[in-house]
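Welcome, and thanks for taking a look at this protein with me. Let's walk through it one region at a time.

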Amino acid sequence: MMQISRHINHTGRQHIKRTEVQIELLEDRDTPEFRVNLKLDRSKLPPDADIYIEAYHRNTSQRFEFGTVAAPIPPDHLKLDQIDLSGPTLFRVKVVDNSEHIGRLIASAEGLSPRAEDGENNESLMIFRSAPDMGNLTWKMSFEDQKPVLCINNKIPEAKSQLLENPFFQALILPAAFREVLFFIYMNDDLQEEEGWQSDWVRFANKIAPEELLDDEDPDRVVGWVNDVVSAFSNQHHLCHHLITRMEEQAHG
């Protein structure tokens, strides 16, 4: 059975739950803005620690000061006018010490997805992207934006449409990509997240799995659950059947 070593946070940094931060994206204006409802568990945080919220996409980011844990105050300016808006905007929250160990990160949350004004989450389970500079690698998963992006080598003609329409691509890539995302979530201790793209994946996985994952502390159980989910996903979409059918059509073409 596969052995998995989980990431352990040796710094003592606390993890801010997604239920403690609600972010709403306001897009129907010249420059997108956002607003935040903070519900931090103050009992575990120094009252005079500073709160920062960063919006980011790819290599661009914009930081906003939100006062202190004891007195969180949003700034007047919450316009996203300094980041790349060509893709989905994500957010991170940082609580930083400004007394004993100035600048030390005390608590944080990464990869927070905002909700639109209508309350709907604009995020899909997976993004498909045609990517350059991949050499002879045909595909890979990327989590650079703290969300799953399936990158297909742009040297492959019509790479993205092939993945969406070609049974060969779907059968040979999607189950492996699905498996990689679930293990990424597990390795980052996000199987119990209540919001965000990780929770969307876990909810979907538990919905199609024969049995819901109840114990995420046992690596053997997690591996078995992931295998069951990937098998159920493949059965749901008849991946092998469609692949064989396409092969037979070409053979008798």
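A good place to begin is a pair of charged residues: Arg104 and Asp97 join their side chains in a salt bridge, with N and O 3.9 Å apart. Before going on, please keep in mind that this is a predicted model. The two partners of this bridge sit in different surroundings: Asp97 has a relative accessible area of 6% and is buried, whereas Arg104, at 39%, counts as partly exposed.

That bridge belongs to a total of seven salt bridges in the structure. Let's turn to another of them, between Arg92 and Glu54, where N and O are 2.9 Å apart. Arg92 belongs to strand β6 (residues 90-96) and Glu54 to strand β4 (residues 50-57), so this contact links distant parts of the chain, 38 residues apart. Are these two residues buried or exposed? Arg92 counts as buried because its relative accessibility is 17%, under the 20% that marks the limit for buried residues. Glu54 is buried too, with a relative accessible area of 8%.

Glu54 has a further partner in Lys94, and here the closest N and O atoms are 3.6 Å apart. Since Lys94 lies in strand β6 and Glu54 in strand β4, this pair ties together parts that are 40 residues apart in sequence. Lys94 counts as buried, at 19% relative accessibility. Step back and a network of salt bridges appears, linking Glu54, Arg63, Arg92 and Lys94.

Two arginines of this network also meet aromatic rings. Arg92 lies over the face of Tyr56, 3.9 Å from the ring centre. Arg63 lies over the face of Tyr52, and its distance from the ring centre is 4.4 Å.

Now let's see how the strands are arranged. Five of them make an open sheet with mixed pairing, in the order β1-β7-β6-β4-β5. At the edges stand β1 (14-15) and β5 (60-68); each has a single partner strand, so one side of each is left without a neighbour in the sheet. Within the sheet, β4 and β6 pair in the antiparallel sense over seven bridges. As an example to look for, Ile51 has Val95 in β6 as its bridge partner.

From the sheet we move to helix α3, which covers residues 197-208. The helix has twelve residues and reaches 17 Å from its first C-alpha to its last, close to the 16 Å expected at 1.5 Å a residue. Among the buried residues of α3 are Trp197, Trp201, Val202 and Ile208. What covers the buried residues of this helix? The cover includes β7 (105-112), α2 (167-187) and α4 (219-236).

Helix α3 also takes part in contacts between aromatic rings. How many aromatic pairs does a search of the whole structure find? There are eight aromatic pairs. In one of them, the rings of Phe143 and Trp197 have centres 6.3 Å apart and planes at 20°, so the pair is stacked. Phe143 sits in the loop between β10 (139-142) and β11 (149-153) and Trp197 in helix α3, 54 residues apart. Trp197 counts as buried at 1% relative accessibility, and Phe143 is buried with a relative accessible area of 16%.

A further pair joins Phe178 and Phe204: their ring centres are 6.0 Å apart and their planes at 35°, so this pair is tilted. Phe178 belongs to helix α2 and Phe204 to helix α3. Phe178 counts as buried at 4% relative accessibility, while Phe204 is partly exposed at 22%. Finally, ring pairs link Phe178, Trp201, Phe204 and Phe233 into a cluster.

Terms used
Residues are numbered from 1 along each chain as its sequence is written. This is a predicted model: local features need pLDDT of at least 70, side-chain atom pairs count only at pLDDT 80 or more; totals for chains, interfaces and linings use all residues. Side-chain values use heavy atoms; hydrogens and water are left out. A salt bridge is a side-chain nitrogen of Lys or Arg within 4 Å of a carboxyl oxygen of Asp or Glu. Helices (H or I, at least four residues) and strands (E, at least two) are DSSP runs, numbered from the N terminus. Buried means under 20% relative accessible area, exposed over 50%, partly exposed in between (1.4 Å probe, protein chains only). Two strands pair if DSSP finds at least two bridges between them. The expected span of a helix is 1.5 Å times one less than its number of residues. Contact means heavy atoms within 4.5 Å. Rings of Phe, Tyr and Trp (its six-membered ring) pair if their centres lie within 6.5 Å; planes under 30 degrees apart count as stacked, over 60 as edge-to-face and the rest as tilted. A charge sits over a ring if NZ of Lys or CZ of Arg is within 6 Å of the ring centre and within 35 degrees of the ring normal.
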